[in-house]
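Me: I would like to go through this structure by question and answer, with the reasoning set out at each step.

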Amino acid sequence: MFEVAPIWQSHIQQQNYRLLLEAMSRPGSVHSIQGLNTSSNSMLAVLAALLDSSVRFCDSSELLETSDIALLQVIQTLPEEADYLLCSGIDVPDFQPRLGSLASPEQSATLLVHVSALIAGDLQLDLTGPGIKEKRICNIQGLDPDWLVKRESWVCGFPLGVDLILIDQQQLMALPRTTRVEVH
C-alpha cells in the first residue's frame with residue numbers, strides 16, 4: 001500500500017504555514033518544521049506549505065529533484081520573474097529578484113535560502129525592527145555574507161523588497177524586509 005509522506009498531508013502543511021506566519025511576525029526566531037521523515041526534506045516541506053499551481057517558482061541552485069518540483073505543481077520560471085526562489089546559502093546571489101512596486105509591494109519575491117545551521121554558526125546577525133523586543137542575535141552557518149549585502153540593497157526602498165526564509169535540515173527562520181540586519 002502506498003503511503004503519502006507527511007509533508008503532503010493538509011494538516012501538516014497547515015502547521016508549517018502557521019510556523020511561517022509565526023516566523024515572519026517574530027524575525028530571527030527558530031521554528032521546527034513539521035512532518036519531516038527520512039523520505040522528505042525541510043525545503044520541500046516548507047515549499048509544500050507555500051506553493052500551488054498559480055505560483056511562479058525558480059530553484060536557482062537546483063536543490064530539488066525534478067520529481068519533487070513536479071509534485072509542487074508550480075510554474076517554473078527565471079529568478080527575475082519568480083514569486084518564490086529556492087537558493088543555496090553558500091552560493092553568492094547573482095540575480096535581481098522582483099521587488100514589487102509602490103502601487104503593489106506585495107508583488108515582490110520571497111527567497112527561501114538553504115543554510116547548514118540556524119542555531120550555531122560563524123556568521124552572527126544582530127536583528128532589530130518590528131516583532132523584535134530590543135535586539136535578537138542569531139548565529140548562522142552556511143550563509144555567504146554577500147546575501148546580506150544584496151538583501152540590504154533589495155530592501156532599502158521599503159515598502160519594496162524581498163522577504164527571506166532561512167531553512168536548515170529541520171528548522172526555519174524568517175527575515176522580513178522590515179527587519180534591520182547588522183553583521184558581526
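**Contacts, charges and backbone geometry**

Reply: Apart from its neighbours within four places in sequence, Glu80 is in contact with Phe95, Gln96 and Arg98. The model is a predicted one.

Me: Where does Glu80 lie in the chain?

Reply: The element before Glu80 is strand S3 and the one after is S4. Strand S3 covers 75–76 and strand S4 covers 84–88. Glu80 is therefore placed in the loop between S3 and S4.

Me: Is Glu80 buried, partly exposed or exposed?

Reply: The relative accessibility of Glu80 is 38%. Buried requires under 20% and exposed requires over 50%. Because 38% falls in between, Glu80 counts as partly exposed.

Me: Which residues form the negative surface patch?

Reply: Residues in a patch need over 30% relative accessible area and no salt bridge. Glu81, in the loop between strand S3 and strand S4, is partly exposed at 40% relative accessibility. Glu80 is partly exposed at 38%. The negative patch consists of Glu80, Glu81, Asp91 and Asp94.

Me: How far apart are the C-alpha atoms of Glu80 and Asp146?

Reply: Along the chain, Glu80 and Asp146 are 66 residues apart. In space, the separation of their C-alpha atoms is 18 Å.

Me: Which side chain meets Asp83 in a salt bridge at 3.1 Å, N to O?

Reply: A salt bridge requires a side-chain nitrogen of Lys or Arg within 4 Å of a carboxyl oxygen of Asp or Glu. The pair in question links distant parts of the chain, with Asp83 in the loop between S3 and S4 and its partner in strand S2 (residues 56–59), 27 residues apart. Asp83 is buried at 17% relative accessibility, whereas the partner is partly exposed at 29%. The side chain that meets Asp83 at 3.1 Å is that of Arg56.

Me: What is the N to O distance in the salt bridge of Asp163 and Arg177?

Reply: Asp163 lies in strand S8 (residues 163–167) and Arg177 in the loop between strand S9 (171–175) and strand S10 (180–183), so this salt bridge ties together parts that are 14 residues apart in sequence. Asp163 and Arg177 are both buried. The N to O distance between their side chains is 3.2 Å.

Me: Which residues are joined into one network by salt bridges that share partners?

Reply: The count of salt bridges in the model comes to 5. One of them joins the side chains of Asp83 and Arg56. Through shared partners, the network consists of Arg56, Asp83 and Arg98.

Me: Which residue meets Asp126 in a salt bridge?

Reply: Asp126 counts as buried because its relative accessibility is 8%, and the cut-off for buried is under 20%. Its side chain takes part in a salt bridge at 3.7 Å, N to O. The partner is Lys135.

Me: What is the relative accessibility of Leu127?

Reply: Leu127 lies in strand S6 (residues 123–128). Leaving aside neighbours within four places in sequence, its contacts include Pro27, Gly28, Ile132, Lys135, Leu175 and Val181. Leu127 counts as buried, with a relative accessibility of 0%.

Me: Which two residues are joined by a cis peptide bond?

Reply: The omega angle of this bond is about 20°. Pro159, one of the two residues, is placed in the loop between helix H4 (146–155) and S8. The cis bond joins Phe158 and Pro159.

Me: What is the phi of Glu62?

Reply: Glu62 lies in the loop between S2 and helix H3 (66–72). At 70% relative accessibility, Glu62 counts as exposed. Although Glu62 is not a glycine, its phi is positive, at about 50°.

Me: What is the phi of Gln73?

Reply: Gln73 is found in the loop between H3 and S3. With a relative accessible area of 55%, Gln73 is exposed. Gln73 is not a glycine, yet its phi is positive, at about 55°.

Me: In which helix is Gln13 placed?

Reply: Beyond its neighbours within four places in sequence, Gln13 is in contact with Ile7, Trp8, Ala48 and Ala49. The C-alpha atoms of Gln13 and Glu134 are separated by 32 Å. The helix that holds Gln13 covers residues 10–25 and is H1.

Methods: Residues are numbered from 1 along each chain as its sequence is written. This is a predicted model: local features need pLDDT of at least 70, side-chain atom pairs count only at pLDDT 80 or more; totals for chains, interfaces and linings use all residues. Side-chain values use heavy atoms; hydrogens and water are left out. Patches are made of residues with over 30% relative accessible area and no salt bridge: like charges are joined within 9 Å, nonpolar side chains (Val, Leu, Ile, Met, Phe, Trp, Tyr) within 5 Å. Accessible areas come from the Shrake-Rupley method with a 1.4 Å probe; for residues, only the protein chains shown count as cover. Lys and Arg count as positive and Asp and Glu as negative; His and the chain ends are not counted. The place of a charge is taken as NZ of Lys, CZ of Arg, CG of Asp or CD of Glu. Helices (H or I, at least four residues) and strands (E, at least two) are DSSP runs, numbered from the N terminus. Buried means under 20% relative accessible area, exposed over 50%, partly exposed in between (1.4 Å probe, protein chains only). Contact means heavy atoms within 4.5 Å.
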